[in-house]
Amino acid sequence: MQIGLRLHDAAGATLEEKMRNAREQGFTCCHIAMSKVIPGFKMADAPTLLTEELAAEVKALLRKYDMTCVLLGCYLNLCSPDEKAHARTLDIYKAHLRFGKMIGTRLVGTETGAPKVAYASSPACWTEEALALFMERAAPVVRYAEEVGQVFAIEPVCRHIVSTPERCQRVIEHFDSPMLRVILDGVNLLDWHNAHQAESVVLDAVGRLGPYAELLHMKDFIPDGPACQQARMDVANTLMFDGLLSIACGLGQMNYQPLLALAKERSLPMTLENTNPANAETARLHLLALAGNA
């Protein structure tokens with residue numbers, strides 16, 4: 001079972017240090033977000049920074065530490081009404097697709113944004129108009145992914161435009177492209193409205209999106225309350241959204257069995273989120289132990 005880590009959650013100040021430390025903790029694959037692991041890298045400059053020379057350096061490090069990059073992150077808002085900013089964003093996505101192909105990543109991944117300049121959730125995200133806008137804006141990215149031969153993956157998140165498994169399935173079926181796939185994160189589909197039905201939400205997601213999933217994001221959750229507040233004080237690198245605390249695997253209430261079964265069935269890699277250097281290895285071992293019963 002291939003379990004990886006977001007390298008910006010690993011210890012170290014440089015890409016090599018982070019990769020080495022992740023490998024020493026037993027991780028065999030990674031999620032790379034260039035602006036978070038390379039000092040001075042600015043996403044706005046990605047079209048000029050993501051060169052063949054830099055790709056060669058990244059590939060050399062992956063070989064040195066016997067790791068694979070399963071996800072190159074490009075988490076920018078594709079649906080901003082600022083047309084000038086959108087044109088630049090489109091160039092950045094294309095640059096990541098080219099670079100992803102050069103380093104041999106499995107996916108270039110993104111979340112699905114909001115129909116406003118600020119990348120922030122609002123009721124406008126969940127309208128039919130917003131979904132149509134996302135599909136319009138994603139179309140040139142998908143076409144470019146097909147052109148360069150690099151898979152592009154979307155990650156449904158309850159706060160964003162593609163907010164449910166059903167909406168994500170509609171997007172995938174609309175494009176009907178082998179170069180558009182899904183990053184499945186069970187916790188990202190939950191908020192305080194549906195957390196009590198977490199297992200049914202995840203089962204629905206696996207049923208609808210399992211055939212299109214190429215990567216699983218794994219983390220845990222704690223609903224808002226005393227345990228949540230204590231965890232926020234005690235554990236580094238947690239994230240609070242929509243009445244839920246996102247936290248490292250094994251520290252909350254998540255039932256991983258449907259996701260682990262999908263990972264086994266389709267040989268899917270997974271990457272951990274909301275870990276820190278002190279708990280990442282424990283989270284990995286927790287999933288491995290559970291997988292023995294999946």
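**Strands, a barrel and a helix in the predicted model**

Strand β6 (residues 180-185) is a good place to start: 6 of its 6 residues are buried, so the strand is largely enclosed by the rest of the structure. Everything here comes from a predicted model. The side chains of β6 split into two sets, with L180, V182 and L184 pointing one way and R181, I183 and D185 pointing the other way, and all of them are buried. That includes the charged-type names in the list, R181 and D185, which count as buried along with the others.

The wider setting of β6 is a closed barrel of 8 strands, which runs β1-β2-β3-β4-β5-β6-β7-β11 with parallel pairing. On average, neighbouring strands of this sheet are turned by 30° against each other, direction ignored. Strands of a sheet pair through backbone hydrogen bonds, either parallel or antiparallel. On one stretch of the barrel, 3 bridges hold β5 and β6 together in the parallel sense, and I154 has V182 as its bridge partner in β6. Strand β4 (residues 107-110) also pairs with β5 in the parallel sense, again over 3 bridges. Here T110 is the residue that stands opposite I154 in β5. I154 thus turns up in both pairings, facing T110 and partnered with V182. Helix α7 (residues 165-175) lies across β5 and β6, and its direction is at about 165° to β6.

Strand β5 also takes part in an aromatic contact. The structure holds 1 aromatic pair. The ring centres of Y93 and F152 are 6.0 Å apart and the ring planes stand at 90°, so this pair is edge-to-face. Distant parts of the chain are linked this way, since Y93 sits in helix α5 (residues 83-103) and F152 in strand β5 (residues 152-154), 59 residues apart. Both Y93 and F152 are buried.

Away from the barrel strands, there is a second sheet to look at. It is an open one, made of 3 strands in the order β8-β10-β9, with antiparallel pairing. Its edge strands are β8 (220-223) and β9 (239-241), each of which pairs on one side only. From one strand to the next, the twist averages 30°. Strand β10 (residues 244-247) is joined to β8 by 4 bridges, and the two run antiparallel. Along this pairing, P223 stands opposite L244 and F221 stands opposite S246. On the β9 side, 3 bridges make the antiparallel connection to β10, with F241 standing opposite L244. L244 of β10 therefore faces P223 as well as F241. Strands β9 and β10 form a hairpin with 2 residues between them, and D242 in the turn has a positive phi of about 50°. Both faces of β10 are covered, with L244 and S246 buried on one side and L245 and I247 buried on the other.

Helix α11 (residues 280-291) gives a simple geometry check. At 1.5 Å a residue, its 12 residues should span 16 Å, and the end C-alpha atoms are 17 Å apart, which agrees. The buried residues of α11 include A280, A283, R284, L287 and A291. These cover an arc of only 100° around the axis, which puts them on the same side of α11. An α-helix has 3.6 residues a turn, so residues three or four places apart point the same way. On the other side of α11, T282 and A289 are exposed. The cover over the buried residues of α11 includes β1 (3-6), β7 (213-218), α10 (257-266) and β11 (270-272). Among these, β1, β7 and β11 are also strands of the closed barrel.

L290 belongs to α11 too. Its relative accessibility is 23%, which means L290 counts as partly exposed, as the cut-off for buried is under 20%. Leaving aside neighbours within four places in sequence, L290 is in contact with Y256, Q257 and L260. From L290 to N255 the separation is 35 residues in sequence and 9.8 Å in space, C-alpha to C-alpha.

Terms used: Residues are numbered from 1 along each chain as its sequence is written. This is a predicted model: local features need pLDDT of at least 70, side-chain atom pairs count only at pLDDT 80 or more; totals for chains, interfaces and linings use all residues. Side-chain values use heavy atoms; hydrogens and water are left out. The expected span of a helix is 1.5 Å times one less than its number of residues. Buried means under 20% relative accessible area, exposed over 50%, partly exposed in between (1.4 Å probe, protein chains only). The arc is that of the directions from the helix axis to the C-beta atoms. Contact means heavy atoms within 4.5 Å. Two strands pair if DSSP finds at least two bridges between them. Axes are lines fitted to C-alpha atoms, for helices over the stretch in contact, and angles run from 0 to 180 degrees between N-to-C directions. Rings of Phe, Tyr and Trp (its six-membered ring) pair if their centres lie within 6.5 Å; planes under 30 degrees apart count as stacked, over 60 as edge-to-face and the rest as tilted.
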